[in-house]
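Hi,

Here is the structure I promised to pass on. Have a look at it first, and my notes follow below.

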Amino acid sequence: MKYTYNQRKNLFMQQSYLDSWEDYERSLNKANFIKWDYIILTASNEEQAAVYREQIAYRLENHQLPATTHYAVLPDPEGKRVGSGGATFNVMRYIATQASEDEKENIFKNKRILVIHSGGDSKRVPQYSAIGKLFSPVPRELPDGRGSTLFDEFMIGMAGVPSRIKEGMLVLSGDVLLLFNPLQIDAMFHGAAAISIKERVEIGKNHGVFLNDGHDNVGQFLHKQSEEHLREVGAVNNQNCVDLDTGAVLFDSDLLQSLFSLISTDGKIDEEKFGRFVSEEARISFYGDFLYPLAKDSTLEKYYKEAAEGVINDTLLACRKEIWEAVRGYSMKLICLSPAEFIHFGTTKELLQLVTKNVEDYSFLSWSKKVMTTGAEENSDFAAHNAYIGHAAVVEKDCYIENSYILDNSVVHSGSIVSNLHLRNVEIPANTVWHGLTLNDGNALIRVYGVLDNPKGRLQDNAGFLGTTLSEFVKNNNLSASDLWNGKEDYLWFADLYPVCSSREEAVEFAQIIVKMAKGTATEQEIVRWKECRRESLCSSFNKADVQHDCLFERELESRILANKFVYMLSCGTYYKEALKIFGLRGISDHIYENLIEDAKNAPEDLKIRIYYALSRYMKENRAVIKNQTYDVLETKCFKEILDMIYQDAVQHLPDNKDYHISQDEVKVELPVRVNWGGGWTDTPPHCNEKGGVVLNAAIKLKGIYPVQVCIRKLDSLHIEFESQDIGVSGTAESVAEIQDCYNPYDSFALHKAALISCGIIPQSGTADLQGILKRLGGGIYLSTQVVGVPKGSGLGTSSILSAACVKAIFQFLGKELDNSKISEIVLCMEQIMSTGGGWQDQIGGLTEGIKFIRSMPGIHQQMDVEYVKMSETAKKELQERFALIYTGQRRLARNLLRDVVGSYIGARPESIEALEKMAPIAALMKFELERGNIDGFAELLNQHWELSKQLDQGSTNTCIDQIFMSCQDLICGQFISGAGGGGFLQVILKKGVTKETLRARISELFQDSGVDVWNCEILF
């Protein structure tokens, strides 16, 4: 394939981006990976510095920064604006305080230092003034699930640089994103190295450009020169590109030591010298004062005239003379990175253009219009970062929403920016910026201005404001300059426009009034209200901002969004492990956990259980305890929700007990057990409630008897006697409370008690008089159960069939005949009371004889359609002869297995979902093959179902089961388990001509006296 230049460049940058991420991950996880020794940020004042420190601490706490690097945030000393050069001297001072005595000769030797100058006021993008442009959003979601910021991009992009340099300081500008491959950095230089990228001359003319002296050193700095001049001096190459000044500069340790000597004496900070170079009066510029002398063609005379950050004065000129003498002996190498990207976060307009339109130019870097946003359609034509958009809200084309809730019937008109707000039913005019701030005193305000407004614009220059001008704003509202500036310079930046409010709602109201004032439509009363308020300017409001509060709001919103996205993924059937990836390396924080629990409380049942289950798996797999909760608490909550859902439905359909009366002195019920053939597990809640169930099973006698036996008898004494004959225990209940205590799975009479409650004889809760109930019935009750000759954990459905036998016997005892479907419903209720869970196939399988094809439709209330499979007498005889049961000698409790398998369905494990989807049609095909007498076809389907069962639960088989099947593989053509497997009985279909005696002999030969044997059974057609 032939690629264009841009395609080749993008592919290179895309791979470089991926390489940088890998370097970043190594810096986090590999102890021997070369990292920065120092990462130092500069800030404008202590308040901004505190915010930066908090941002760094948050990332360190969440393992998002290398822990061994030394981090520092240095505000300009005493809050004075000392310039980027003064801030750099302050960095040197800080490093000197960290150096040991034997490092005083050159404190920068063998140190790798990253400095990011980030102390600006962000006047051109005021919404980032408080938090700092350095931590402003970048429109991409990082591979670990975070929304990115400029700072994060610096940390990732620069992670590979330390391995390319032996020592020295890399200085970056905090409002420029530089994307490149660190492998291109050649750090073989003495003095300084300027990092440039190749850009078209049309772009270069609006920025700084380096002129190569012909030896790959910087000859001149060309700042915002015309294209003609750039061509004239030879700065434009044959590809029509220039060396763009990226603001990234490397200093070696010798140059750093030379600069350090200007503020030190004998290797120690000299406060008098430091005070001269680091002051508001000098306001030394890193780029103008440090770098200019390093260019080959620079002269001292021109240096004195070089533009300053502040004003040129005697103090600055004296400092420049000393800097010239200290650094003039060094040169500045030109390191050109190509391909590379240089993205400048400049004005509000440029920001809006970048995130709404130009972002598509960076799709190869995984940049996107929507980052960490919920509630917005992917194709909606606006940009958002960490935003929660309500379903009824409208956000029009080319808007940008960040760190905000837009809820209810709010409307954001085209071309607007909303930042750090929680809006309900608010209309935002087109082409405006609404930025919310919380102040240190707990009050709030909203800074509203136009996207095109320049905060550096002045009243006297007729600067624009909200679609009008400052002068028109003053005039139309009968204001004076003192109402806005009160002696300050008449820049928009200093205009006291924004009322301080006690609530965000009031702040929204005043923002709307300001918009009306700009349009000239505000009432006199509204203007008076506005004038009477305490008001702040763009400048003063950011200086008084409680940025910690707003950072917390941002993170809580992020948690809300992540929780919402996670819940949405679960609702779409996403495997919980895939859904959990949305939280990245940070995992589930306390805030996210609280949001998810709240979501679960308000969610429909099917989603509620999935939230609880996914949370429990996360906590178990990560050994996490969140808000003092452990995984088993949430796991129990999940399955209790299922039990409660089935129980609440079942109790609504219990028979009316008003006319209950004992009509027979004694009733005995004997039922067969069942073998399951197709569709097992599809009948289990919540699968059957959500998808419906399809099961094929058959009733069987074991060793010539009906194994499940229940006896109920009338007693003269007004109490209830229980007996479990097969385990030899009996007991008496004299009160309702004793029977209501039926939730202990180890209670020998839990089933007896649950039967009496589910049949409506005994209330499930509340107080009642047992003797009164029994007197009304006509006598006491003796209830006895036993399962004859069937081992525990057989897999033949004995527990549920025993429950069905109890229900059947009780209603016959009361003179009422219930159909099998109604009995099955009551048994489901019993199982929820006993907390055993399970489905409906066992009780239906044993209630009557025959091979049954049973179906249910989705729904909480399960109504089963039972169809008896019709087979020819020849086919019945063949199936009877070829079907055999093998006892494994093992038992397995279904309780833990039930949680595992149902949990895998709730958690949307792909293998489980696939297996359950295939089981139902296999059951239907089994019925088809039996009805046409194709026993071999039925056997093959049985094999397929066995494979699906193992896919659903690997614990359904084990070494013993595998060996039993393997030992008789040549004798059988079909194999399956009974029940859930892992023990109990195995089912086989013998090959034609093979007898059960042959199978028994084979089994006995290998598993002598171990309990493994072929049992006599009879299918009841």
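A residue is called buried when its relative accessible area is under 20%. Glu635, at 14%, is therefore buried. Please keep in mind that this is a predicted model.

Glu635 has a salt-bridge partner: its side chain meets that of Arg899, at 3.1 Å from N to O. Glu635 belongs to helix H22 (residues 631–652) and Arg899 to helix H31 (residues 894–906), so this pair ties together parts that are 264 residues apart in sequence. Arg899 itself is partly exposed, with a relative accessible area of 27%.

H22 also holds a salt bridge within the helix. Asp644 and Lys640 lie four residues apart there, about one turn, and their closest N and O atoms are 2.8 Å apart. Both are partly exposed, Asp644 at 29% and Lys640 at 46%. In the whole structure, the search finds 60 salt bridges.

Now to the strands. Which residues of S34 point to the buried face? They are Ile720, Phe722 and Ser724, while Glu721 and Glu723 point to the other face and are not buried. S34 has two partners that I looked at:

- S35 (residues 729–733) runs antiparallel to S34, with five bridges joining them; Ser724 stands opposite Val729.
- S36 (residues 780–787) pairs with S34 in the parallel sense, also over five bridges; Leu783 is the bridge partner of Phe722.

In the hairpin of S34 and S35, four residues sit between the strands, and Gly728 takes a positive phi near 70°.

Happy browsing, and best wishes!

Key:
Residues numbered from 1 in each chain as written. Predicted model: local features only at pLDDT ≥ 70, side-chain atom pairs only at ≥ 80, totals over all residues. Heavy atoms only, no water. Buried < 20%, exposed > 50% of the residue type's maximum accessible area, 1.4 Å probe, protein only. Helix = DSSP H or I, 4+ residues; strand = E, 2+ residues; numbered from the N terminus. Pairing = 2+ DSSP bridges. Salt bridge = Lys/Arg side-chain N within 4 Å of Asp/Glu carboxyl O.
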